[in-house]
Amino acid sequence: MTLYDQLPALVVAVLLFTAPIAYMLRMHGFPWAAATAAVVTSFIVACSLAATAIGGETIIYEMGGWPAPYGIVLHIDALSALMAMLITGASSAALIFGAKSLADEVGEETAPAFFAAWLLCTAGLVGMVITGDAFNIFVFMEISSLSTYVLISAGPDRRALISTYRYIVMGTVGATFYLIGVGFLYMVTGTLNTADLGARVGQVEDIRLVLVAAGFVSVGLAVKAAVFPLHSWMPNAYTFAPNAVTVFIAAASTKVSLYVLIRVDYAIFQNSIANHEVQLTLFLVPLGVMALFAGSLLAIYEKNLKRLLAYSSVSQIGYIALGIAMTSVAGLTGAIVHMFNHGLIKGGMFMAVACLALRYRTVNVANLAGAGKAMPWTMAAFVMGGLGLIGVPLTPGFISKWYLVLAALEKGWLGALLVAVILISSLLAVIYVWKVIEVAYFREPRANAVPVTEEAPMVMLIPTWIVVLTGIWFALDTSVSVGLASIAAKTLLGVAL
Amino acid sequence: MIFSESDTIYYALTIPLLGALGIALAGRWPNIRETVTLTTAVAVAIVVWSLIPTLQAGGRPELHFGEMLPGLEIAFKVEPLGMLFGALASGLWIVNSVYSIGYMRGNNEKNQTRFYICFAIAISAAIGVAFSANLLTLFIFYEVLTISTYPLVAHKGDEATVRSARVYMGILLGTSIGLFLPAMIWTYSVAGTLSFTPGGILEGKIAEPLVGILLLLFAFGIGKAALMPIHRWLPAAMVAPTPVSALLHAVAVVKAGVFTITKVFVYIFGIDFLFNQPSHRIIVWVACFTIVVSSFIALRQTNLKRLLAYSTIGQLSYVVLAASILKPLSEVGASMHMMAHAFGKITLFFAAGAIYVASKKTEITDMLGIGRRMPWTMAAFSIGALSMIGVPPTGGFISKWYILGGAIQDDNYLALATLVASTLLNAAYFLPFIFAAFLYKEDVKPVNEHGEAPWPMVAALTFTALLTFAFFIFHQPIADLEAQILVK
């Protein structure tokens with residue numbers, strides 16, 4: 001076997017093995033450098049996997065040479081590859097961007113542990129999306145969750161600890177629910193391999209236990225994915241985490257739980273439970289609609305910029321939930337592409353917020369008056385992200401919205417109602433984005449405020465703008481993002497490519 | 001020609017953007033900055049106009065940028081309607097720039113660099129709208145136009161201005177995302193394409209009553225056409241400096257709205273298909289309602305710029321009415337009226353701005369006898385007003401002639417009656433003011449003894465007033481060109 005054949009394992013292994021090394025490097029700057037090198041390597045590997053997956057090919061890698069369903073396999077199709085790219089990309093961007101801000105916020109002493117946790121977190125998330133084993137997903141979920149708690153609690157504000165605690169409680173409940181569901185499935189089928197589960201669940205005669213399992217899994221994942229009203233852990237976790245951590249987890253972590261939700265519901269339950277799409281619709285459409293409205297309204301009334309963006313994420317997750325619930329190629333394509341696009345948009349926006357936080361020492365919207373003039377490049381990046389949330393053309397958000405509306409229109413009159421909901425929530429996004437823009441561009445700073453005259457340093461601006469420009473790229477050339485997403489959607493729904 | 005035609009389209013779109021960059025770099029030296037603006041404007045106009053002979057010969061230059069979504073391209077294709085709008089926007093940008101320089105300096109406005117940058121971006125967006133080969137490309141530039149004009153409307157930056165600018169932005173962005181976007185996606189899902197195709201793409205794909213719903217989504221979603229009740233943004237935008245008002249009312253923004261509506265009728269629905277659908281009458285009613293009601297509101301205005309804003313709302317509905325009559329003559333009339341109205345309205349706004357710069361007056365009631373102090377300005381204003389009313393020998397007469405012709409072809413008495421009523425109402429709100437300006441004695445002493453405004457402004461408004469006459473005399477080639485849009 002050549003190294004090339006080992007790529008699927010490498011994408012996680014690099015991260016896992018570098019974690020202890022990063023922990024042992026006690027010299028200044030070294031843990032960061034090791035982590036960055038590992039994450040970037042993993043990103044490159046993920047890109048090469050995506051290049052294979054875009055041809056419609058699924059890579060099956062047998063761990064230790066044990067064939068499925070006895071051994072654990074890595075199962076990398078278009079969906080996994082797209083997610084792996086998003087996760088490792090977001091992790092690399094956040095690390096490179098955070099070189100300076102993390103050095104500020106995380107002490108020299110805790111740095112080795114912090115960056116080791118960062119690597120474990122990335123490894124856990126990537127592991128979840130590439131494994132083809134339902135229990136293995138749980139293992140990786142725990143690796144990523146435990147390390148995320150460490151990352152968030154490293155925030156400079158003491159309230160970070162309480163936020164972490166709330167996240168631990170909610171996160172554990174979610175993960176346990178998932179585990180209970182998987183346990184039930186194992187009970188009735190005797191297998192944990194997702195592909196095998198998909199084939200066997202349909203043969204189970206007493207469907208009740210399967211339904212209970214589906215319920216536990218879906219609710220558990222909804223908690224982890226911060227689907228409204230199970231989102232309560234998220235806003236504070238985003239707000240009090242170190243800025244670079246927020247960039248990373250906002251871009252990637254909730255998306256991974258949504259990925260598992262898609263995987264489990266479509267690959268296992270869709271073909272084996274009668275009327276599953278009705279159940280999925282009844283479960284996710286109301287939650288999605290509520291999320292759109294509640295998230296946007298909370299964002300409109302929020303004063304803290306980081307929390308405002310967190311609430312905006314709640315509403316954006318509503319879009320993804322709606323897309324998943326439509327059980328059609330267009331809907332699922334929209335949902336998947338929006339996971340990717342929203343990751344890009346929010347990542348870029350939180351980077352801009354981190355730049356603002358560095359100079360203004362606060363992220364209260366009211367205190368950012370005059371930022372448009374003092375920090376033109378930072379604010380321009382923020383505006384680009386905001387336009388993406390609204391879904392203005394030339395931003396990646398437009399692409400996702402296009403598919404979601406297209407999918408809703410296929411559903412007749414009820415769909416027309418959903419179109420209205422989607423578009424009204426876009427308009428609510430205009431309000432909360434514009435609220436920030438107006439303060440930053442058109443309001444004079446208060447007389448007693450410490451004047452900010454300096455733009456953010458280049459080491460932060462350049463990564464921010466790379467992310468913003470990548471977003472514009474994916475708004476114009478959608479062959480990779482929509483390409484992978486539509487292959488994924490068709491594969492999941494069993495439609496010919 | 002030196003360049004290929006698709007290169008020409010490319011340059012028409014990018015030169016204004018390069019201009020914007022140049023303006024940003026030259027921001028510290030006002031004279032160089034203004035030179036950049038003027039040079040760019042002239043260059044763009046030359047490039048855009050160089051396409052006219054090709055169009056007259058029946059050519060349709062194209063430029064493809066590649067797929068954005070599977071089956072949906074970013075692409076440009078120049079056809080007569082877009083040519084007219086592109087030529088109009090690029091040509092008037094030159095005049096508007098000359099005027100802007102006079103106005104902005106005469107008024108000592110701040111943030112002039114931002115002003116010129118946004119202006120250049122808006123022009124690029126307008127040309128993008130004009131030359132789009134499909135609805136998606138058009139939509140993209142339509143949104144860019146909205147966003148790039150927001151800083152222009154909010155230019156003054158005080159609380160009241162920002163509030164008005166928010167109304168402007170909110171209504172335009174809201175209608176486009178809330179109504180125009182779903183209409184477009186709906187069209188795509190039934191027709192499988194969004195390309196502008198002679199004869200339309202929807203024939204046989206959609207039936208009543210859905211046609212009516214789609215039509216309403218388009219008509220109100222294209223908020224820049226200011227059909228009532230989506231017209232509130234236009235009076236709100238009056239807080240902008242006058243050159244911006246001229247940009248909004250004559251050069252780019254509202255023209256982009258009625259242009260898009262005409263284009264959707266002709267190339268998406270197809271006029272023959274739409275004519276056989278009873279629901280197109282709804283648009284006729286809405287347009288007639290808007291024409292009459294806006295004229296009555298205009299009658300009651302005392303602020304000159306607000307009066308002009310309501311006049312624009314009525315005049316835009318002329319175009320929408322002409323387009324929705326769906327007869328060959330009226331479709332040509334729709335495009336002719338875009339042009340005629342542009343020349344007339346830009347003159348009126350230039351005059352209003354000149355009066356403000358010279359005398360700081362904004363209310364009609366304070367302007368008695370102002371024609372004696374500013375004879376050139378008020379003469380130009382009168383010509384513009386006559387064109388609005390539709391009196392020969394001004395351009396407004398020509399376009400009204402075509403629209404009336406279309407209405408008679410269709411035996412559309414509602415449209416005929418509305419046009420007659422509107423002519424009378426237009427006369428009723430313009431003529432008394434003009435008489436008072438020339439014949440009455442000044443009753444409000446101005447803050448300082450003033451004559452005409454700075455010369456670039458006077459030159460610009462005299463020039464546009466002459467254009468109104470020129471359009472009356474030389475309209476035939478334009479009408480011939482526009483008649484091509486009806487060829488399938």
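Okay, L326(B): this one sits in the loop between α14 and α15 (328-359) of chain B. We're looking at a predicted model here, so keep that in mind as I go through it. What caught my eye is that L326(B) has a positive phi, about 65°, and yet it isn't a glycine. Is L326(B) buried or exposed? Count the other C-beta atoms within 10 Å and you get 26, so it's buried.

There's another residue like that in chain B. K360(B) is also not a glycine, and its phi is positive too, near 60°. You'll find K360(B) in the loop between α15 and α16 (370-373) of chain B. The surroundings of K360(B) are another story: it has 13 other C-beta atoms within 10 Å, so it counts as partly exposed. For background, most residues other than glycine have a negative phi, and most peptide bonds are trans.

Which brings me to the cis peptides. M228(B) and P229(B) are joined by a cis bond, with omega at about 5°. P229(B) lies in the loop between α8 (210-221) and α9 (233-236) of chain B. Then there's P392(B) and P393(B), again a cis peptide bond, omega about 5°. P393(B) belongs to the loop between α17 (375-389) and α18 (395-409) of chain B.

Now back up the chain a bit, to the helices. Helix α13, residues 280-299, and helix α14, residues 304-325, both in chain B, have axes that come within 8 Å and cross at roughly 160°. So the two, α13(B) and α14(B), run roughly antiparallel. The crossing of α13(B) past α14(B) is left-handed. Who's touching whom? On the α13(B) side the contact includes I283(B), V284(B), A287(B), I291(B) and A298(B), and on the α14(B) side L307(B), Y310(B), G314(B), L321(B) and I325(B) are among the residues involved. By class, this α13(B) and α14(B) contact has 14 nonpolar residues, eight polar ones and no charged ones.

Zooming out to the whole of chain B. It has 21 helices and two strands. Its radius of gyration is 21 Å, close to the 23 Å the globule rule gives for 488 residues, so chain B is as compact as a globular protein of that length. If you box up the C-alpha atoms along the principal axes, you get roughly 65 × 55 × 45 Å. Of the 488 residues in chain B, 60% are buried. And if you take the contacts in chain B with a separation of 6 or more, 81% of them link residues 24 or more positions apart.

Chain A, then. That one has 19 helices and two strands. For its 497 residues a compact globule would come out near 23 Å in radius of gyration, and chain A has 21 Å, which agrees. The C-alpha trace of chain A spans about 75 × 60 × 40 Å along its principal axes. Buried residues are 63% of the 497. For contacts in chain A with a separation of 6 or more, 79% come from residues 24 or more positions apart.

One residue I'd pick out in chain A is V337(A), in helix α13, residues 329-360. There are 29 other C-beta atoms within 10 Å of V337(A), so it's buried. Which residues does V337(A) touch, leaving aside neighbours within four places in sequence? I399(A), S400(A), Y403(A), S481(A), V482(A) and A485(A).

Last bit: how the chains meet. Chain A and chain B each put 19 residues into the contact. On chain B's side, the elements giving two or more residues are β1 (62-69), α6 (135-153) and α7 (159-191). The largest share of that side comes from α7(B), with 11 residues. By class, chain B's side has 13 nonpolar, five polar and one charged.

And what does α7(B) pack against? Helix α17 of chain A, residues 412-442, with an angle of about 155° and the axes 10 Å apart. That makes α17(A) roughly antiparallel to α7(B). Here the crossing is right-handed. Among the residues meeting there are V419(A), L423(A), L427(A) and F442(A) from α17(A), and G170(B), G174(B), I177(B) and P182(B) from α7(B). The class split for α17(A) with α7(B) is 10 nonpolar, four polar and one charged.

Technical notes. Residues are numbered from 1 along each chain as its sequence is written. Chains are lettered from A and ligands numbered from 1 in the order in which they are written. This is a predicted model: local features need pLDDT of at least 70, side-chain atom pairs count only at pLDDT 80 or more; totals for chains, interfaces and linings use all residues. Two residues are in contact if their C-beta atoms, placed from the backbone, lie within 7 Å. Helices (H or I, at least four residues) and strands (E, at least two) are DSSP runs, numbered from the N terminus. Ala, Val, Leu, Ile, Met, Phe, Trp, Tyr, Cys and Pro count as nonpolar, Asp, Glu, Lys and Arg as charged, and the others, Gly among them, as polar. Axes are lines fitted to C-alpha atoms, for helices over the stretch in contact, and angles run from 0 to 180 degrees between N-to-C directions. Angles under 35 degrees count as roughly parallel, over 145 as roughly antiparallel, 65 to 115 as roughly perpendicular and the rest as oblique. A crossing is left-handed if the near helix is turned anticlockwise from the far one by less than a right angle, and right-handed if clockwise. The radius of gyration is taken over C-alpha atoms; the globule rule is 2.2 Å times the number of residues to the power 0.38. A residue is buried if 20 or more other C-beta atoms lie within 10 Å of its own, exposed if 12 or fewer, and partly exposed in between; C-beta atoms are placed from the backbone.
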